[in-house]
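Q: Can you walk me through the side-chain contacts in this one? I'd like the rings and then the charges.

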Amino acid sequence: MKFSEQWLREWVNPGVDSDDLSAQLTMAGLEVDAIEPVAGDFSGVVVAEITAAERHPDADKLQVCQVSNGQESFQIVCGAANAREGIKVPMAMVGAVLPGNFKIKKAKLRGVESFGMLCAEQELGMAEHSDGLFELPSDAPLGEDIRSYLGLDDKLIELGLTPNRADCLSIRGVAREAAVLNNMAFAEPAQAAVEASIDDQLTVKIAAPDHCARYVGRVVRGVNMGAESPLWLQEKLRRCGSRSIDPVVDVTNLVMLELGQPMHAFDLSAISGAVSVRTATPGESLELLDGQTLELRDDSLLIADDEKPLALAGIMGGQSSAVSAATQDLFLESAFFTPEKLAGKARSYGLHTDASHRFERGVDFALAERAIERATELILQICGGKAGPLTEASSDALPSRSPVILREARIEKMLGMPLLAKEVEQILTGLGMQVERQDSGWMVTPPSWRFDIAIEVDLLEELARVYGYNRLPVKPIRSELAIKSRPEGQRAVMDLRQHLVSRGYQEAISYSFVDPVLNAKLSEREDCVTLLNPISADMAQMRDSLLPGLLKTAEYNSKRQQARLRFFEIGQRFVPSAEGLAQIPTLGALLSGRRDPENWSSGGELLDFFDLKGDLEALITPAATPLRFEAAQHKALHPGQTANVYQGEHCVGRIGALHPSLQSDLDLPSAVYFFEIDLDALLEVGVPAFKPVSRYPELRRDLAVILPSDVTAQSVLDCVQSAAGELLVNLKLFDIYQGKGIDPERKSLGLGLTYRHSSRTLNEEEVTLSVEAVVQALQDRFGASLRN
């Protein structure tokens, strides 16, 4: 936000100089990025009129001008293309000093004497570039010092505002801050309603109330677009970084800079029927004021008539309804658009305008009517015409301002010192808030222009910054910090980190935002959370898996010739559910490349699925509830090397090899293996308990069973465990065989069953009965048979 100090002082004039005012604003959170004069350091430049202009006898691009300052006439040779008889321009007289200590002397150009210099804005330090002489209004008083006439003893102050302070994107907002910082009353200039002199009005319909909660319009007929914006208006715009275009556009820009309410003026003759605020329909397009034509998305908000779109709401007007020199009748609009709905829309079309900058951050929803009245008043003064009555449409979606309780005791605790009740009330009321005293503090209602006041700490921040951070005492923080006990059955996250680091992994930290294109290839969900206002197009979705971030890390390292990749990450996954957005703490890990670092004893073997599975099993072994693996399918993982991880009946993770097609897309040279598991499943561990060693011998029986090849080993082990009874103390799968002598559609599993009793020696009959029960259970469930 760049503004003129003189313009600010028209609203409020504190008794401090520019530097002190800038320091106040900076300390209050409105950081001043730059202070610069509106013009260069010069003297001896006055208002003059060219009374005659003839071509130089020896130069085609020079003119010999006769210039009057109201008292004398001077001959000046000028090369500006717009030098002509009858215009008033700045004249640097002989003896004048221009910026850069450039002194004007009598000179001779191509044999013709020149007594002074006619100036462009660039030569006065008012602009970086100029196309010709600085033409002044026809009523400019001859001979008056140009610094005095234009009020050039002024400074430009540029603020670097944070997004929450949209209320200070206007002179009105900054003036309110300056007033409260200097303990001054802030009184806004009165704005009288413009009486309607005609009955003309357009019907306004809001078809998208969630996007637009208020829309105010007015018809103005008979305007003179040939009128010129007054000098004061042009100068105010120029000093805020805007150029003068035509009187109507200049007025709408002035109102935006002065009050903070973006506005737009339509050519009334281009509007057919009623005005509607609606979202775009598929296939619609709109040519904007800058000449580009947009193919509109269905989430874009439009201002439209009965036949066509007129403007991209809150961003830019359309060319078909633009005000031109031929315009005679206007339709003025002023609206409130919901910031959350408009956020990111301009950027998605490659646009950024002053209007979108303000609407995205939040415009005072109570300001629309006043802005229309102010704009109408100025247009009638400059362009003439007749105004119709205001037309307003609104919905129930207007923001509400809920009161916030501010506790008096909280002030001393948070700021380190108490504030007098009078000071608290003076600061908050000065910021436009409604303050009601209560027993333990105040009930404070934020004003319509403050979207960032919602909880008590927001009010404490306001008190601190206005009172002055530099005035707050410096005290050590005092608090009772009790060390929390950690249950023995709870594992620390740091233990997981140290365990993985000890196995050669490195921790990665990636963004929670992921590329929607990559995420579509990796995620099986179609309802991933899409951001309304993403940082960039490739960070537009919230991740529902740690895989995208780890893959990007692997890709980055692989392209830098790292042949052995071992990464893990602990972070949140964001999964939509019926109860809302679930944020699930998760551990993910990725492997690729060589099994061991390169050395003389290593053969350069590549990692495989079982390297990663072994690392995961080492993590889950201490878990209180055993975890198990079941073969599964996942679009991003290899169809033959994928498993889900279950804790009881709940799936808590997955493990597998990256799908070869994705590996190829990412240009990764070696197979990639990945797992992720819910962190809670790893943190609860079993408490160690003493178990005496049995003095009685074990008995082992080995079984080789033949069963269908599609039966999983885990289901076989579960069946054996269930059928064997309590005497089975150990069960091992020690062999899997498919090949010669076995039906191609079947396989042989070798099982080792170990039996023992804790208080006596087992007899042969007991073990035999258990083994027979196991064989029978396998036969009944899987059709298994013993292998000869």
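A: Sure, one term up front: buried means under 20% relative accessible area, exposed over 50%, and partly exposed in between (1.4 Å probe, protein chains only). At 11% relative accessibility, Phe 365 counts as buried.

Q: What kind of model is this?
A: This is a predicted model, where local features need pLDDT of at least 70, side-chain atom pairs count only at pLDDT 80 or more, and totals for chains, interfaces and linings use all residues. Residues are numbered from 1 along each chain as its sequence is written, and side-chain values use heavy atoms, with hydrogens and water left out.

Q: OK, rings. How many aromatic pairs does the structure hold?
A: There are 6 aromatic pairs. Rings of Phe, Tyr and Trp (its six-membered ring) pair if their centres lie within 6.5 Å; planes under 30 degrees apart count as stacked, over 60 as edge-to-face and the rest as tilted. One of the pairs is Trp 11 with Phe 186, which is stacked at 6.4 Å centre to centre and 15 degrees between the planes.

Q: Where do Trp 11 and Phe 186 sit in the chain?
A: Trp 11 is in helix α1 (residues 5-11) and Phe 186 is in the loop between α4 (171-181) and β12 (204-206), 175 residues apart. Helices (H or I, at least four residues) and strands (E, at least two) are DSSP runs, numbered from the N terminus.

Q: Buried or exposed, what about Trp 11?
A: Trp 11 is buried, at 12% relative accessible area. Phe 186 counts as partly exposed, at 22%.

Q: Back to Phe 365. Why is its pair with Phe 336 called edge-to-face?
A: The ring centres of Phe 336 and Phe 365 are 6.0 Å apart and the planes are at 70 degrees, so the pair is edge-to-face. Phe 336 is buried too, with a relative accessible area of 2%. Phe 336 and Phe 365 join Phe 451 in one aromatic cluster.

Q: Switching to charges. How many salt bridges are there?
A: The count comes to 49, where a salt bridge is a side-chain nitrogen of Lys or Arg within 4 Å of a carboxyl oxygen of Asp or Glu. Among them, Glu 5 and Arg 9 meet at 2.9 Å, N to O. Both lie in helix α1, 4 residues apart, about one turn of the helix.

Q: Got one linking distant parts of the chain? Which residues?
A: Asp 665 bridges to Lys 521, with the closest N and O atoms 4.0 Å apart. Asp 665 is in helix α18 (residues 660-665) and Lys 521 in helix α15 (residues 516-522), 144 residues apart.
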